[in-house]
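Open the model in your viewer and keep the sequence panel in sight. Select each stop as you reach it.

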Amino acid sequence: MKKLFLIILTVCSVLSAAAQSHETAVAPLKGEKWWGGLVALGSRMPFASTTDWYDLETMNLNNQIVPLILSSEGRYVWSEQPFHFRMQNDTLLLSSDYEKLDVVSAGKTLKEAYLSASAKHFPPSGKIPEEIFFSKPQHNTWIELMYNQNQEDIEKYARNILANNFPTGIFMIDDN
């Protein structure tokens, strides 16, 4: 009985920790504005005060999201996991179901924030893609099928490329 109690207690503790939300309020620097996260909402940037959260986990917006936001004053927020954010007055509010988010000071400008985040979190490999990526067409199933990726339609798309005498090249199966 004691062993069963300890197992139940352990499971409850793990579930409780997993459900914990991490909240961070980021005080603004003078004149600071924030961009990023949701490419499809570029016309709304820099972000202004809102009561709605921008949700980088469920606001898919045609796969045009990334857990990176950048400040005009050289700061950024990056996470390997999706997070939520919104502006309240000039304060950036962050929420994550996975971790406490930190603001990184990386310079004094939007460009410096971007370059610093790029260098740290997705540096170039230094490898140039094979020559075919530059010399042949790239056919991508996302353009043709979007979310309906399935073997039958992918094969039909490939056959139609050949049947319509499009040049062969790279055939990318994209999404799902």
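Select strand 6 and strand 7 (residues 91–96) together. In this predicted model, the two strands run antiparallel and are joined by five bridges. Now find Gln 88. Which residue in strand 7 stands opposite Gln 88? It is Thr 91.

Next, go to the turn. Strand 6 and strand 7 make a hairpin, with two residues between them. Click on Asn 89 in this turn: its phi is positive, about 60°.

Now select strand 6 alone, residues 84–88. Is the strand mostly covered or mostly open? Mostly covered: four of its five residues are buried.

Add strand 3, residues 54–55. Strand 3 is also antiparallel to strand 6, and two bridges join them. To see one pairing, pick Asp 55 and His 84, which are bridge partners.

Last stop: Arg 86, in strand 6. Show its side chain. Arg 86 is buried, yet it has no salt bridge. Where is the nearest side chain of opposite charge? That is Glu 23, 7.9 Å away. A salt bridge would need the charged atoms within 4 Å.

What does the Arg 86 side chain have beside it, then? Look for the backbone oxygen of Thr 50. This oxygen lies 3.0 Å from a polar atom of the Arg 86 side chain.

Finally, show the contacts of Arg 86, leaving out neighbours within four places in sequence. They include Thr 50, Thr 51, Asp 52, Trp 53 and Tyr 54. Thr 91, Leu 92 and Leu 93 are also in contact with Arg 86.

Key. Residues are numbered from 1 along each chain as its sequence is written. This is a predicted model: local features need pLDDT of at least 70, side-chain atom pairs count only at pLDDT 80 or more; totals for chains, interfaces and linings use all residues. Side-chain values use heavy atoms; hydrogens and water are left out. Buried means under 20% relative accessible area, exposed over 50%, partly exposed in between (1.4 Å probe, protein chains only). Two strands pair if DSSP finds at least two bridges between them. Lys and Arg count as positive and Asp and Glu as negative; His and the chain ends are not counted. A polar contact is a pair of N or O atoms within 3.5 Å; within protein, one must be able to donate a hydrogen and the other to accept it, and residues adjacent in sequence count only if both atoms are side-chain atoms. Contact means heavy atoms within 4.5 Å.
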